[in-house]
Amino acid sequence: MNAPNFSLPDQNGDTHKLADYAGKWLVIYFYPKDSTPGCTKQACDIRDGREILEDLGVSVIGISKDSVESHKKFAEKQNLNFTILSDESTETIQEFGAWGEKSMFGKKYMGIMRNTYLVNPSGEIVKTYEKVSPAKHLPQILKGLKELQAF
């Protein structure tokens, strides 16, 4: 399946498109909310492992529906060294299939699923991780790349 096209602003207000990453491996991860414990753990693990991914030629993008301003504060506070995109309309989140029914304290609501997609240089989603554990996220991605014998 081809990854859906997107055109979204990052934490600095610069627009990123899927086409900007053509010919490269790309990890796109969706997370519920800036500065929450699980999302912070996930982002910091990616921050700390980004050099490993970069050495493999893999770019990383995080996407949530938080605003550009919220992303900027989150990125600065956590010293994030990768791109996080704002999808306030949730259009891209929905196109990737990372929007769905969630439950908290017995109440059901619609929200962002903690899903990650590994996109190959041809723009195809070659691996999907659903309901990712923030603490195990980076090792999962590295294992997936190895399984695909991409590197």
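These numbered points cover charge pairs, cysteines, surface features and a few polar contacts in a predicted model.

1. **Charge pairs overall.** Side chains of opposite charge can pair when their charged atoms come close. The model contains 8 salt bridges. Points 2 to 4 take up some of them.

2. **Lys33 and Asp66.** These two side chains form a salt bridge, with 3.4 Å from N to O. The partners come from distant parts of the chain, 33 residues apart. Lys33 sits in the loop between β3 (25–30) and α1 (37–55). Asp66 sits in the loop between β4 (58–64) and α2 (68–78). Their surroundings deserve a look too. Lys33 is partly exposed, because its relative accessibility is 44%. Asp66 has a relative accessibility of 8%, so Asp66 counts as buried.

3. **Arg50 and Glu54.** Here the salt bridge has an N to O distance of 2.3 Å. Both residues belong to helix α1. They are 4 residues apart, so about one helical turn separates them. Arg50 is partly exposed at 23% relative accessible area. Glu54 is also partly exposed, and its value is 45%.

4. **Glu147 and Lys127.** The closest N and O atoms of this salt bridge are 3.4 Å apart. Again the pair links distant parts of the chain, with the two positions 20 residues apart in numbering. Glu147 belongs to helix α4 (residues 137–147), and Lys127 to strand β9 (residues 125–129). The pair is part of a network: salt bridges with shared partners join Lys127, Lys143 and Glu147. Glu147 counts as partly exposed, with 46% relative accessibility. Lys127 is partly exposed as well, at 24%.

5. **Cysteines.** How many disulfides does the whole structure hold? A search finds 0. A disulfide is a covalent bond between the sulfur atoms of two cysteines. Cys39 takes part in none, and the nearest cysteine sulfur, in Cys44, is 11 Å away. Why is Cys44 not bonded to Cys39? The two sulfurs are 11 Å apart, which is too far for a bond, because a disulfide needs the sulfur atoms within 2.5 Å. Is Cys39 buried or exposed? Cys39 is buried, with a relative accessible area of 1%. Cys44 is buried too, at 12%.

6. **A nonpolar surface patch.** Met104, Phe105 and Tyr109 make up a nonpolar patch on the surface. Together they offer about 380 Å² of accessible area. Phe105 lies in the loop between β6 (99–104) and β7 (107–112). Phe105 counts as exposed because its relative accessibility is 82%, and the cut-off for exposed is over 50%.

7. **Arg114, a buried charge.** Look for Arg114 in the loop between β7 and β8 (116–119). Arg114 is buried but has no salt bridge. Which side chain of opposite charge is nearest? That is Asp34, 9.8 Å away. This distance rules out a salt bridge between Arg114 and Asp34, because a salt bridge needs the nitrogen and oxygen within 4 Å. Arg114 does have a polar partner: a contact of 2.7 Å joins its side chain to that of Gln42.

8. **Positive phi at two positions.** Most residues other than glycine have a negative phi. Asn79 has a positive phi, near 55°. Asn79 is in the loop between α2 and β5 (83–86). Asn79 counts as exposed, with 57% relative accessibility. Lys131 also has a positive phi, near 50°. Where is Lys131 found? Lys131 is in the loop between β9 and α4. Lys131 is exposed, at 68% relative accessible area.

9. **Thr90 and Gln94.** Thr90 is located in the loop between β5 and α3 (91–96). The Thr90 side chain makes a polar contact of 2.7 Å with the side chain of Gln94. Is Thr90 buried or exposed? Thr90 has a relative accessible area of 7%, so Thr90 is buried.

Conventions
Residues numbered from 1 in each chain as written. Predicted model: local features only at pLDDT ≥ 70, side-chain atom pairs only at ≥ 80, totals over all residues. Heavy atoms only, no water. Buried < 20%, exposed > 50% of the residue type's maximum accessible area, 1.4 Å probe, protein only. Patch = residues over 30% accessible without salt bridge, like charges linked within 9 Å, V, L, I, M, F, W, Y side chains within 5 Å. Areas by Shrake-Rupley, 256 points an atom, 1.4 Å probe, with all protein chains shown as cover. Lys, Arg positive; Asp, Glu negative; His and termini not counted. Polar contact = N/O pair within 3.5 Å; in protein donor to acceptor, adjacent residues only side chain to side chain.
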